[in-house]
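User: I'd like to learn how to read a structure like this one. Could you walk me through it, one feature at a time?

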Amino acid sequence: MKTPVEKRNHAKLCEFHGEVGHNTDECMHLKKQIEEMLKAGKLSHLIKELKLFNGKGQPKVSLSPNLEILFLPLGEDKGTKGPMIIEAEIGGHCVHRMYVDGGSASKILYEHCFSRLRPENEKQLIPATTPLIGFSGEIIWPIGQIQLLVTIGDEEHFASAWMNFMVVRSSSPYNGIIGRPGVKKLQAVPSTAHRMLKIPVEGGVITLKSSKLVLLECAVVSGPKGSP
């Protein structure tokens, strides 16, 4: 039974339906439709559309020669509360929807993402020695852990660091999480309010804007760098 319009949460807007009451991230109809299209073998068509979207909407990396990292003050009605989501090259693959979480002590790759990386990566998994503790206190034992090279930026200006990821079997809208240790390795400075990530590199400081929410990116991991 559909909720009457006057009783819906007008603070939430679903871009897929063009209706209020829930946001795009919560849209079960959209998620189900994507799953059905993936199962029907239409993934290649969707990936093409996603690449076209990213070509138009994906923020570019900008470089400032000033080595000082600054964020301009925001007014009371400015700024955002959304998560910091970036694209990173991990183990030679372009991975979308990596959540930069300064409140997490872990670096995580979710199984649905890890399974799309090179097959030989599975052989490099080693047993996890410690469990992860969830938000509600539940204990989660990772499938394993693996060290992968993470590169953020573009071909000209970038920062790289080796990170030890815990591979976790869990449902998540993200492909992985880069927590405090990863942020520290990159010497990155995130600002959730600005939806920006600043990283010192050779020649200055690069600024990345948080990616726009695209549900399909949860299921997309590009092939190895240099492959068609």
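Analyst: Sure, let's start with a single residue. Gln-124 has a relative accessibility of 43%, so it counts as partly exposed, since that class lies between under 20% for buried and over 50% for exposed. Keep in mind that this is a predicted model.

User: Where does Gln-124 sit?

Analyst: Gln-124 is in the loop between helix 4 (120-123) and strand 7 (132-133).

User: And which residues does Gln-124 touch, leaving aside residues up to four places away in sequence?

Analyst: On that basis, Gln-124 touches Gln-145 and Ile-146. You can also look at the backbone: the C-alpha atoms of Gln-124 and Gly-144 are separated by 9.3 Å, with their positions 20 residues apart along the chain.

User: Let's zoom out. How many helices and strands does the chain have?

Analyst: You'll find five helices and 15 strands. Of the 228 residues, 36% are buried. The accessible surface comes to about 13900 Å², and carbon and sulfur atoms account for 55% of it. As for contacts with a separation of 6 or more, 61% are between residues 24 or more positions apart.

User: How do I read strand pairing? Which way do strand 9 and strand 10 pair, parallel or antiparallel?

Analyst: For pairing, check the direction and then the bridges. Strand 9 (residues 144-153) and strand 10 pair in the antiparallel sense, over ten bridges. They form a hairpin, with four residues between them. For a landmark, find Gln-147, which stands opposite Asn-164 in strand 10.

User: What about strand 6 and strand 10?

Analyst: Strand 6 (residues 107-110) runs parallel to strand 10 (residues 158-168), and three bridges join them. One place to look is Ile-108, whose bridge partner in strand 10 is Met-166.

User: Now confidence. Which element has the lowest mean pLDDT, and which the highest?

Analyst: pLDDT is the predictor's own confidence in each residue, from 0 to 100. Among the elements of the chain, strand 10 has the highest mean, at 95, while helix 2 (residues 43-57) has the lowest, at 46. Over residues 48-59 the pLDDT is below 50, and this stretch has 13 contacts in the model beyond near neighbours in sequence. The chain as a whole averages 77, with 64% of the residues scoring at least 70.

User: Next, charges. How many salt bridges are there?

Analyst: The cut-off is a side-chain nitrogen of Lys or Arg within 4 Å of a carboxyl oxygen of Asp or Glu. The count by that rule is one salt bridge. Its partners are the side chains of Arg-169 and Glu-111, at 2.9 Å from N to O.

User: Why does that pair tie together separate parts of the chain?

Analyst: Check where each partner lies. Arg-169 is in the loop between strand 10 and strand 11 (176-178) and Glu-111 is in helix 3 (residues 111-114), so the pair ties together parts 58 residues apart in sequence. Arg-169 counts as exposed because its relative accessibility is 58%, whereas Glu-111, at 28%, counts as partly exposed.

User: Last one: which residues make the nonpolar surface patch?

Analyst: Look for Ile-133, Ile-139 and Trp-141, which make a nonpolar patch of about 380 Å² on the surface. Ile-139 belongs to strand 8 (residues 139-140). With a relative accessible area of 57%, Ile-139 is exposed, as the class begins over 50%.

Note on methods
Residues numbered from 1 in each chain as written. Predicted model: local features only at pLDDT ≥ 70, side-chain atom pairs only at ≥ 80, totals over all residues. Heavy atoms only, no water. Pairing = 2+ DSSP bridges. Helix = DSSP H or I, 4+ residues; strand = E, 2+ residues; numbered from the N terminus. Patch = residues over 30% accessible without salt bridge, like charges linked within 9 Å, V, L, I, M, F, W, Y side chains within 5 Å. Areas by Shrake-Rupley, 256 points an atom, 1.4 Å probe, with all protein chains shown as cover. Buried < 20%, exposed > 50% of the residue type's maximum accessible area, 1.4 Å probe, protein only. Contact = heavy atoms within 4.5 Å.
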